[in-house]
Amino acid sequence: MTAVEVDFTVDGPDGAPVVVLSNSLGATRGMWDPQVPALAERYRVVTYDTRGHGTSPAPAGPYTLDDLADDLVALLDRVGAPRAHVAGLSLGGMTAMRLAARDPERVHRLALLCTSAKTEPQGFLDRAKAVREGGTAPLAPAIAARWLTPGYAAEHPDLVARLEAMIAGCDDEGYASCAEVVAAVDLLGDLGRITAPTLVVSGAEDQALPPAHQQAIAEGIAGAELLTVSPGAHLANLERTPEVTDALLGHFDAEGDQP
């Protein structure tokens, strides 16, 4: 399948090293809003909506993880970044891992948040079927409930409503096709080929992709650093904003070796 031109936003100074942030299944680039201001002080920050999400196109499926990686390569080319720091959460992390293993020259430093190298497929296949039958909106509350810990969600009803709206706003076929990508993910053989310095972030209370998934990634990538945040569920970057933002900055700033 030909790469699609995903919709994207650029923040930060022209000519600065590029950081690309890739969203989770069901979210839009807006999930990274808490991280962008601090990162954009010293980086050219590119956020985008994965195909089927937000304002990006939703071509007919099926999709593969390589299709999503191809979209990301095409985006890097469009913003003039031969090489970039890449961070992804959940589906975004899977896309980032595949890119780092397949096209190592494009990825300088890698950050993988609340993601997995090999999923339990049935739940995602069931979700794809449900979305095709009834759309994303009926599932939005249950999906968003796994993105934040219950206590944090109770204290931030406006954020919960925004997250539910993100999910409900996905193209139904695009969401279902991306859910099938997640179901098919098996990157265990790719981990040993990733040479980019890697930070892995785990949410201790993540029920969607529990910490054992991130532990396996950190063990499989040579020299990877594992950070566990708590309390933190699947979108740990929202609940633990200062901690996650500081970790990303520290990782991308390391050694002063910029792309």
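Start with the nonpolar core, meaning a set of buried Ala, Val, Leu, Ile, Met, Phe, Trp, Tyr and Cys residues joined through side-chain atoms within 4.5 Å: select M97, L110, L113, L163 and L248, which touch the most other members among the 87 residues of the largest such core. Buried here means under 20% relative accessible area, with exposed being over 50% and partly exposed in between (1.4 Å probe, protein chains only). In soluble globular proteins, nonpolar side chains tend to be buried together.

This is a predicted model, in which local features need pLDDT of at least 70 and side-chain atom pairs count only at pLDDT 80 or more, while totals for chains, interfaces and linings use all residues. Residues are numbered from 1 along each chain as its sequence is written, and side-chain values use heavy atoms, with hydrogens and water left out.

Next, centre the view on L163 and, leaving out residues up to four places away in sequence, display A144, W147, L148, L235 and L238, which L163 touches; contact means heavy atoms within 4.5 Å.

Now move to L39 in helix α1, which covers residues 36-40; helices (H or I, at least four residues) and strands (E, at least two) are DSSP runs, numbered from the N terminus. L39 has a relative accessibility of 0% and therefore counts as buried. Apart from neighbours within four places in sequence, L39 is in contact with L21, V45, L248, L249 and F252, and L248 has already appeared among the core residues that touch the most other members. A C-alpha to C-alpha distance drawn from L39 to D11 should read 8.9 Å, with these positions 28 residues apart in sequence numbering.

Then select V20 in strand β2 (residues 18-22), where the relative accessible area is 1%, so V20 is buried. Beyond neighbours within four places in sequence, the contacts of V20 are V46, Y48, L72, L76, A84, H85, V86 and A87. For a longer span, take V20 and A145, which lie 125 residues apart in sequence and 26 Å apart in space, C-alpha to C-alpha.

Finally, zoom out to the whole chain, whose secondary structure comes to 11 helices and 7 strands, and whose C-alpha atoms fill a box of roughly 50 × 40 × 35 Å along the principal axes. Buried residues account for 56% of the 259 residues. Of the contacts between residues at least 6 apart in sequence, 80% join residues at least 24 apart.
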